[in-house]
Protein chains: 2
Amino acid sequence: MHFKSCHLFQELSELQASRLLEISIRMPIEKDQWLFREGDEAGVFYVLEKGAVELFTLVNDKFELPIAMLNISGSAFGLAALVQPFTYNVSARCAEAGEVFEIERIALEGLVRDDHQLGCTIMSNLARHLFNRLRETRRELKVHFKSLFLLTH
Amino acid sequence: MHFKSCHLFQELSELQASRLLEISIRMPIEKDQWLFREGDEAGVFYVLEKGAVELFTLVNDKFELPIAMLNISGSAFGLAALVQPFTYNVSARCAEAGEVFEIERIALEGLVRDDHQLGCTIMSNLARHLFNRLRETRRELKVHFKSLFLLTH
């Protein structure tokens with residue numbers, strides 16, 4: 001994977017992408033391994049290199065509401081590490097063994113202090129990503145809204 | 001309203017806030033006036049000065065799904081003007097006459113070219129805002145999910 005294939009890193013220069021790569025740590029992940037849990041402090045975000053990671057949120061003790069299954073190289077997750085108050089809002093579990101890049105929030109903040117353009121590009125890409133997720137989630141909400149309406153009328 | 005009370009402009013310097021004010025246009029809004037419609041090209045974003053604005057999305061020809069009722073001075077909306085591909089994903093209609101500040105995307109892009117730190121701050125604030133909206137929307141989805149489960153089991 002080239003780092004610039006990650007949706008957060010689009011439009012970065014080669015130099016900026018290589019600086020990001022320098023602060024990232026490549027780690028193996030095993031099937032069923034938890035990368036983080038909803039409510040944990042978010043100190044790290046991840047870029048998937050290979051394998052698959054499932055994101056979900058707990059509806060109650062019994063039900064997990066699936067949010068996304070990431071299996072495309074370059075997918076970023078753990079994005080709560082980029083947004084105050086830095087608390088994971090979903091859980092992430094490895095669905096298929098592989099590898100991830102870990103990037104520590106503190107290390108990224110150091111890069112951004114020296115290069116605000118890098119920060120502006122990453123945060124613009126993040127906003128676009130969250131905007132799309134929000135649109136998709138609202139679309140799901142509309143489907144449920146219609147189903148509930150049909151069931152109750 | 002001081003511009004820095006707007007959630008998008010938090011942590012800007014006084015100078016940065018005054019530059020933003022310079023490119024903004026104060027406009028009156030009348031009850032029932034449409035500010036923009038879902039699907040329109042997003043060339044402008046807004047900061048509410050006074051009055052109230054309702055955001056909603058259409059489920060079908062008959063039903064509007066309410067997204068938010070904005071009535072706090074400093075509330076920003078039309079945020080699609082800050083995110084590619086710059087298309088409004090909700091509609092906005094004035095619920096109570098008042099005033100808004102309009103900021104053109106093109107004018108803001110000009111400011112950001114000269115001051116990447118300003119861009120980084122605004123986009124970080126936007127990402128935090130979208131992240132919170134996403135969390136709230138997922139919470140609604142969980143409520144619908146539980147209701148549907150109870151109705152069908």
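Here are some questions and answers on ring pairs, charges and the chain contact in this predicted model.

User: How many aromatic pairs are there over all chains, and how are the rings of F3(B) and F101(B) arranged?

Analyst: The count over all chains is 16 aromatic pairs. For F3(B) and F101(B), the ring centres are 5.2 Å apart and the planes stand at 85 degrees. Planes over 60 degrees apart count as edge-to-face, so this pair is edge-to-face.

User: Which parts of chain B does the pair of F3(B) and F101(B) tie together, and how many residues apart in sequence are they?

Analyst: F3(B) lies in the segment before α1 (14–23) of chain B. F101(B) belongs to strand β6 (residues 91–104) of chain B. The pair therefore ties together parts whose separation in sequence is 98 residues.

User: Is F3(B) buried or exposed, and what about F101(B)?

Analyst: The cut-off for buried is under 20% relative accessible area. F3(B) comes in at 5% relative accessibility, so it counts as buried. F101(B) has a relative accessible area of 7%, so F101(B) is also buried.

User: What about W34(B) and F56(B): how are their rings arranged, and which strands do they lie in?

Analyst: Their ring centres are 5.6 Å apart with the planes at 70 degrees, so the pair is edge-to-face. As for location, the pair ties together parts 22 residues apart in sequence, because W34(B) lies in strand β2 (residues 34–36) of chain B and F56(B) in strand β3 (residues 44–58) of chain B. The strands asked for are β2 and β3.

User: Which of the words buried, partly exposed or exposed fits W34(B), and which fits F56(B)?

Analyst: W34(B) has a relative accessible area of 30%, so W34(B) is partly exposed. F56(B) sits at 0% relative accessibility, and F56(B) therefore counts as buried.

User: Which charged residue lies over the face of W34(B), and which one sits over the ring of F86(B)?

Analyst: Over the face of W34(B), at 5.1 Å from the ring centre, you'll find R93(B). For F86(B), the charged end is 3.9 Å from the ring centre and belongs to R105(B).

User: Over in chain A, which residues do ring pairs link into a cluster?

Analyst: Here we're after residues joined through ring pairs. The cluster is made up of F3(A), F9(A), F45(A) and F101(A).

User: How many residues does each chain give to the contact, and what is the area buried between chain A and chain B?

Analyst: Chain A gives 43 residues and chain B gives 43 residues. Carbon and sulfur atoms account for 76% of the buried area. That area is about 4,300 Å².

User: Which residues of chain A lose the most area to chain B, and which element gives the most to that side?

Analyst: The residues that lose the most are F131(A), R138(A) and L141(A), together 17% of what the chain A side buries. Elements giving two or more residues to that side are β3 (44–58), β4 (64–70) and α3 (116–152) of chain A. With 27 residues, the element that gives the most is α3(A).

User: How many salt bridges are there between chain A and chain B, and where do E38(B) and K142(A) lie?

Analyst: The count between the chains is two salt bridges. E38(A) meets K142(B) at 3.8 Å, N to O, and E38(B) meets K142(A) at 3.8 Å, N to O. The pair of E38(B) and K142(A) joins two chains, because E38(B) lies in the loop between β2 and β3 of chain B and K142(A) in helix α3 of chain A.

User: Which word fits E38(B), and which fits K142(A): buried, partly exposed or exposed?

Analyst: E38(B) has a relative accessible area of 32%, so E38(B) is partly exposed. K142(A) is at 16% relative accessibility, so K142(A) counts as buried.

User: Within chain A, which strands hold R93(A) and E64(A), and how many residues apart are they?

Analyst: Their side chains meet in a salt bridge at 3.2 Å, N to O. R93(A) lies in strand β6 (residues 91–104) and E64(A) in strand β4 of chain A, so the pair ties together parts 29 residues apart in sequence.

Note on methods. Residues are numbered from 1 along each chain as its sequence is written. Chains are lettered from A and ligands numbered from 1 in the order in which they are written. This is a predicted model: local features need pLDDT of at least 70, side-chain atom pairs count only at pLDDT 80 or more; totals for chains, interfaces and linings use all residues. Side-chain values use heavy atoms; hydrogens and water are left out. Rings of Phe, Tyr and Trp (its six-membered ring) pair if their centres lie within 6.5 Å; planes under 30 degrees apart count as stacked, over 60 as edge-to-face and the rest as tilted. Helices (H or I, at least four residues) and strands (E, at least two) are DSSP runs, numbered from the N terminus. Buried means under 20% relative accessible area, exposed over 50%, partly exposed in between (1.4 Å probe, protein chains only). A charge sits over a ring if NZ of Lys or CZ of Arg is within 6 Å of the ring centre and within 35 degrees of the ring normal. Contact means heavy atoms within 4.5 Å. Buried area is the accessible area (1.4 Å probe) that two parts lose on being put together, summed over both. A salt bridge is a side-chain nitrogen of Lys or Arg within 4 Å of a carboxyl oxygen of Asp or Glu.
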